[in-house]
Structure formats: C-alpha cells, structure tokens
Amino acid sequence: MTKKCGVVALIGAPNAGKSTLINALIGQKVAITSSKPQTTRTRLLGIAVEDETQILLVDTPGIFEPRRRLDRAMVSAAWEGAEDADLIVFLVDARGGLGPKVTSIAERIKHREEKTILVMNKVDIAAKDKMLNHVSKLHDICDFDETYFVSAKTGDGLEELKSYLINGMPEGPWHFPEDQVSDASERLLAAEITREQVFRQLHAELPYSIAIAMEQYKQRPDGSLEIHQQILVEKASQKAIVLGKGGHQIKEIGAKAREELGNILGCQVHLYLHVKVSENWDEDRSLYEDLGLDWVK
C-alpha cells in the first residue's frame, strides 16, 4: 500500500474545540483543553496514523481581535498554521451565534486556494434548526468543499470526518515515526499541563493571562524527572488565588499536573511550583521563544 502524508490546519474562533478535536482524532491527549477561551497559545502539531496514512494536525490558537502583543502573536501563529496546508478545517461551535469572530474568519478563508471544509462541533448540545441556519449563512460567505457535523467530546461524526481527511491526504513519505503523536517538546508539554491545571482548578477565579516559565528541567540519576516552574501572574491578588489558603491550591495544582505528566512521560516526576507576580510578563521575549511564538510589534 502506498504511504500518504499531509497537513490539516484547524482554525476557528476561541473555544470552538480545536484542541479537543485533535485529541479525539489522535486517540490520546496531545493538546491542553479548558473551558476558557484562548487556551491554546501556540501552533502545536498532533500526529494521527491510520493504516498507511499519517495526518499532521495543526492545532492553532483561536482567531480573535488582538489587543496586546501576546494576542497579536497568537493570531499570527493561527494564520501561519494554515499556510501550506493540504486541507483547512474551519471549526465552529454549533451552539453559538454567528458573531464577527466567526464570520470574519469565513470571509478571510473564502479566497484561499487550499481545500477548505466546515466542521460544526458540539452538535450533541446544539439546537438543530439554529445550527443548520448557521451552516447556510456560512456557505453564503464561503464555498466550502464539504460540511461535517461532529462532537469532539462524545465522538459523534468523528469516523466520517477522519475518513474524509485520510482520503484527502497526498501520497508521500511519513514525516514522523509511527509512535510519535506530537511535535511538542517535553519541556513545552510540562508547561502546558501545569497551565491547564491552573485553569481547571481555578475556573472563573483567574483570567487566562497567566504563563508558565520553565526554570529547570533535568533527569535525575534514577531516571525520574525534576521540573521547576514559575507560575507568572499579573497582580498580587492573583498570586493569592493561585496559592490558596495555606498553600492548598498550588499543592492541588502541582499534584494533578505531576500525576498527569508521570502518566504521559512514563516516569516519576518531581514538580516544584512557585508563583511570581510579573505585571508585564507578556513583554518578556524569552517566553515567546519558549512558546514557539514570533515576537510581533
């Protein structure tokens, strides 16, 4: 059988479910998820394999109206992620309305040469009539090649979508080994897992504008990993929230992140976290390099 390999770029507004969809298509977690918008900050490549086909799934930050440097870098990364793709998936939250975030993306992609499909996500909790009305309006804006209805959370419609992606991949050699599921480094993965746990543990109590800075990442002689990370927040009040009463909250964040990292990396992990107030952390160029984002003006 001839090998096939191609690039699929997922783009959409914040919280459309791009990371959840990529994890579902691959069959294991490679991208962090949370209910907060703009959880994904950088381009991340997930790698799905089916028989002789390797699909390189580019998870991009949600596209929104940028206000500060980090926002501009994230939006730039999203559009760059769609460059040179064999196929573009425009993922839309089927529950939501067709606000300017969604329609402006459709306007921008309608002139692209790449094959583009519309995927309506979260169909398990969407009103059917409203969703079909959205599809009709989006097709009026952009002539999508196909439309799929899925739930990345429950798996509804995923087999049909994956089959379409497989058939759309060009012939060519694989770019990664069969057992590799992501191009993310272990250092980036460790930072992302901790950031995900901060979001999940604190829910609406903390804005999304936190960052994880890696201080140390080393292997101990016994094969275990020692990881030291800073949780960067913008205000002293946010530091108090992350720490929690008597340090309870940060201990819980560390315990959950440590357990998940150990499962993913297959070794014991010693994770040390501390919180630092840094009002302008998003102006630190080295953090952008760690995230794989371009420094934009």
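## A three-stranded sheet and its helices

Three strands make up an open sheet, ordered S7-S8-S9, with mixed pairing. Strand S7 (211-219) and strand S9 sit at the edges with a single partner strand each, so one side of each has no neighbour in the sheet. Direction ignored, neighbouring strands of this sheet are turned against each other by 15° on average. Please keep in mind that this is a predicted model.

Within the sheet, S8 and S9 pair in the parallel sense over nine bridges. As one example of the register, Leu232 stands opposite Lys276 in S9. Two helices pack on this sheet, and their directions are set out below.

| Helix | Strands touched | Angle between directions |
|---|---|---|
| H6 | S7, S8 and S9 | about 135° with S7 |
| H8 | S7, S8 and S9 | about 140° with S9 |

Let us stay with H8 for a moment. How far apart should the ends of helix H8 (residues 248-265) be at 1.5 Å a residue? Its 18 residues should span 26 Å, and the end C-alpha atoms are indeed 26 Å apart, so expectation and model agree. The buried residues in H8 are Gln249, Ile250, Ile253, Gly254, Ala257, Glu260, Leu261 and Gly262. What covers them includes helix H6 (186-202) and helix H7 (236-243), along with strand S8 (225-233) and strand S9 (269-277). Just after H8 comes Gly266, which takes a positive phi of about 70°.

Another pair of strands is found earlier in the chain numbering, at S2 (residues 44-50) and S3 (residues 53-59). These two run antiparallel and are joined by seven bridges. Leu45 stands opposite Val58 in S3. The hairpin has two residues between its strands, and Asp51 takes a positive phi near 55° there. Is S2 mostly covered or mostly open? Strand S2 is mostly covered, with five of its seven residues buried. As general background for strands like these, side chains in a regular strand alternate between the two faces of the sheet.

Finally, a look at one residue of helix H1 (residues 18-26), namely Asn23. Its relative accessible area is 11%, under the 20% limit, so Asn23 counts as buried. Asn23 also has a partner far along the sequence to compare with: Lys153 is 130 residues away in sequence, yet the two C-alpha atoms are 9.7 Å apart in space.

Terms used:
Residues are numbered from 1 along each chain as its sequence is written. This is a predicted model: local features need pLDDT of at least 70, side-chain atom pairs count only at pLDDT 80 or more; totals for chains, interfaces and linings use all residues. Side-chain values use heavy atoms; hydrogens and water are left out. Helices (H or I, at least four residues) and strands (E, at least two) are DSSP runs, numbered from the N terminus. The expected span of a helix is 1.5 Å times one less than its number of residues. Buried means under 20% relative accessible area, exposed over 50%, partly exposed in between (1.4 Å probe, protein chains only). Contact means heavy atoms within 4.5 Å. Two strands pair if DSSP finds at least two bridges between them. Axes are lines fitted to C-alpha atoms, for helices over the stretch in contact, and angles run from 0 to 180 degrees between N-to-C directions.
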